[in-house]
Amino acid sequence: MRKISAILSLMIFAALVVPAQLKITPLSIKERTLANGLKVVSVQDSSSPAVAVQVWYNVGSKNDPVGRSGFAHLFEHLMFKSTKNMKSEMIDRITEDVGGEGSNASTSDDFTDYIDVVPSNNLEALIWAEADRMVNLNVDEANFKSERAVVEEEFRQSVLAQPYGRFGEAIQQQMFDVHPYKRTTIGSIEDLDAATNADAQKFYKTFYRPDNAMLVVVGDFDQAQFDGWVDKYFNKITKPSGAIPRVTVTEPARTKEKRLVVKAPNVPLPAVSIGYLAPTAKDKDSAALSVAEAVLSGGESSRLYQELVYKQQIAQEANFSFGTNADKGVMNFTATMASGKTVEQGEKSLLAELKKIQESPISAQELEKAKNTIIANNIRRLETNKGKTFALGYTWIMQGDPTLINEQVKQIQAVTVADVQRVMKKYFTDNNRVVIYYENEESAK
């Protein structure tokens, strides 16, 4: 019986790690661009009587005015205040009060997106509301001051009050020398205090305009009716005459290792980060780097967890992350040390794992497991209307074309063992890394 069970287990394992090439049905995407420059992307899905609506603006924290870090995030908050035709937070009433999800938003280095999900018979009201706040927002002193206070409190809670809040902040700030990505999205209390309502009004006029935005709608709707509503509410918005300022700075390649110690209060265990600049999201190497990320850091069976946490027992957690941006991103190895272990030990072990994946090919089993994980996550993300809208908007911002969403699984499937080894040799060298030791301020060197 044991022999038969072992054979069956091997057969099941082989079926899992060597699957047939998946064929993913591509999304049927309709695109058009209005006369004012607004890009409109839609996907019909009648599996449930609901619709997801997102408006993406090509503006993020990299566009913060100099000396005004956190400003794009602050303005995201202002977009929920009153307009010419709506009271403050009225968009929440348009969504929540009809059984939809509460209206939400997010800001990153590269974009700001506004997120809504409602029953499909409320789609017209939501299109009207999004068009209204694109051009009729009341950027007044009272709204500005109240939301600035909210964002400053977010900074205190997410950065100052968290033991490792300053760690993530330091990683981003130190990875870039000239690119505005070095300004964190959350900003700083000093820069937020220095901001004025006049800054907010200028920011609104500069970036919140139809030719800097994309409307994405996925769900249960009639296409002709939807197109009519878009024309009715968005097409009447005039395209501003001025040019949209773009970030043109290029972060130079790092040619010398950078090292520093960051001190912070109430750090229970020291941590280490070894960071490298990543290629842009549209770079052809992104797929192989994503596979490497899954091999190194994809759960408890991953290389870093098994080596540093399980075998050596020098770290409570160990990770490798591959973060993409529209411009260069950040890849970094991190470890939070176990009690009594040092950051020097963590750095040594992380670099040893990097050397292993550079010098010896990963196994076919590791490759297939990583691919399966990434593809499964991709498919899972696209199971909901909200997930589809986010994926379409994100692909537009990062790669310039929302239809490339249909190529992502193919790109992962095409990655080979040789590709993974090649990219790990290409982007990770001794002279292009930033090493940060993060320690409690009482014991930091």
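Buried means under 20% relative accessible area, exposed means over 50%, and partly exposed lies in between (1.4 Å probe, protein chains only). Helices (H or I, at least four residues) and strands (E, at least two) are DSSP runs, numbered from the N terminus.

This is a predicted model, in which local features need pLDDT of at least 70 and side-chain atom pairs count only at pLDDT 80 or more, while totals for chains, interfaces and linings use all residues. Residues are numbered from 1 along each chain as its sequence is written, and side-chain values use heavy atoms, with hydrogens and water left out.

**Stop 1: helix H2**

Select residues 71-78, which form helix H2. Is this helix enclosed by the rest of the structure, or open? 8 of its 8 residues are buried, so H2 is largely enclosed by the rest of the structure. Color them one by one: Phe71, Ala72, His73, Leu74, Phe75, Glu76, His77 and Leu78. Now show what surrounds them. The buried residues of H2 pack against strand S4 (101-107), strand S5 (112-119), H5, helix H7 (189-194) and helix H8 (197-207). Contact here means heavy atoms within 4.5 Å.

**Stop 2: Glu89 and helix H3**

Move along the chain to Glu89, in the loop between H2 and helix H3 (90-96). Its phi is near 60 degrees, a positive value in a residue other than glycine. Most residues other than glycine have a negative phi. At 31% relative accessibility, Glu89 is partly exposed.

Next, pick Glu96, which sits in helix H3. Glu96 is partly exposed too, with a relative accessible area of 39%. Which residues does Glu96 contact, leaving aside neighbours within four places in sequence? They are Glu101 and Gly102. For a long view, draw a line from Glu96 to Val295: the two are 199 residues apart in sequence and 41 Å apart in space, C-alpha to C-alpha.

**Stop 3: helices H5 and H6**

Select helix H5 (residues 141-160) and helix H6 (residues 165-175). They pack at an angle of about 95 degrees, with their axes 7 Å apart. Axes are lines fitted to C-alpha atoms, for helices over the stretch in contact, and angles run from 0 to 180 degrees between N-to-C directions. The angle makes H5 roughly perpendicular to H6, a term that covers 65 to 115 degrees. Show the side chains at the contact. H5 brings Phe155, Ser158, Val159 and Leu160, and H6 brings Gly165, Arg166 and Glu169. By class, the contact has 3 nonpolar, 2 polar and 2 charged residues. Ala, Val, Leu, Ile, Met, Phe, Trp, Tyr, Cys and Pro count as nonpolar, Asp, Glu, Lys and Arg as charged, and the others, Gly among them, as polar.

Stay in H5 and pick Glu153. Glu153 is partly exposed, at 34% relative accessibility. Its C-alpha is separated by 9.0 Å from that of Ile189, 36 residues apart along the chain.

**Stop 4: Val272**

Go to strand S8 (residues 271-278) and select Val272. Val272 is buried, with a relative accessible area of 0%. Not counting residues up to four places away in sequence, Val272 touches a list of residues including Phe167, Phe333, Met337, Leu350, Val435 and Tyr437. Phe322 is 50 residues from Val272 in sequence and 16 Å from it in space, C-alpha to C-alpha.

**Stop 5: helices H10 and H16**

Select helix H10 (residues 286-297) and helix H16 (residues 417-427). Their axes are 9 Å apart, and they pack at an angle of about 95 degrees. H10 is therefore roughly perpendicular to H16. At the contact, look for Ala288, Leu289, Val291, Ala292 and Leu296 of H10, and Asp419, Val420, Val423, Met424 and Tyr427 of H16. These divide into 9 nonpolar, no polar and 1 charged.

**Stop 6: Gln313**

Pick Gln313, in the loop between helix H11 (303-311) and strand S9 (315-323). Gln313 has a positive phi of about 55 degrees although it is not a glycine. Gln313 is exposed, with a relative accessible area of 53%.

**Stop 7: helix H13**

Finish with helix H13 (residues 364-381). H13 has 18 residues and reaches 26 Å from first C-alpha to last, close to the 26 Å expected at 1.5 Å a residue. That expected span is 1.5 Å times one less than the number of residues. Which residues of H13 are buried? Leu367, Ala370, Lys371, Ile375 and Asn378 are. Look down the axis: these residues fall within an arc of 120 degrees, so they line one face of the helix. The arc is that of the directions from the helix axis to the C-beta atoms. The cover over them includes H10, helix H15 (408-413) and H16.

Conventions:
Angles under 35 degrees count as roughly parallel, over 145 as roughly antiparallel, 65 to 115 as roughly perpendicular and the rest as oblique.
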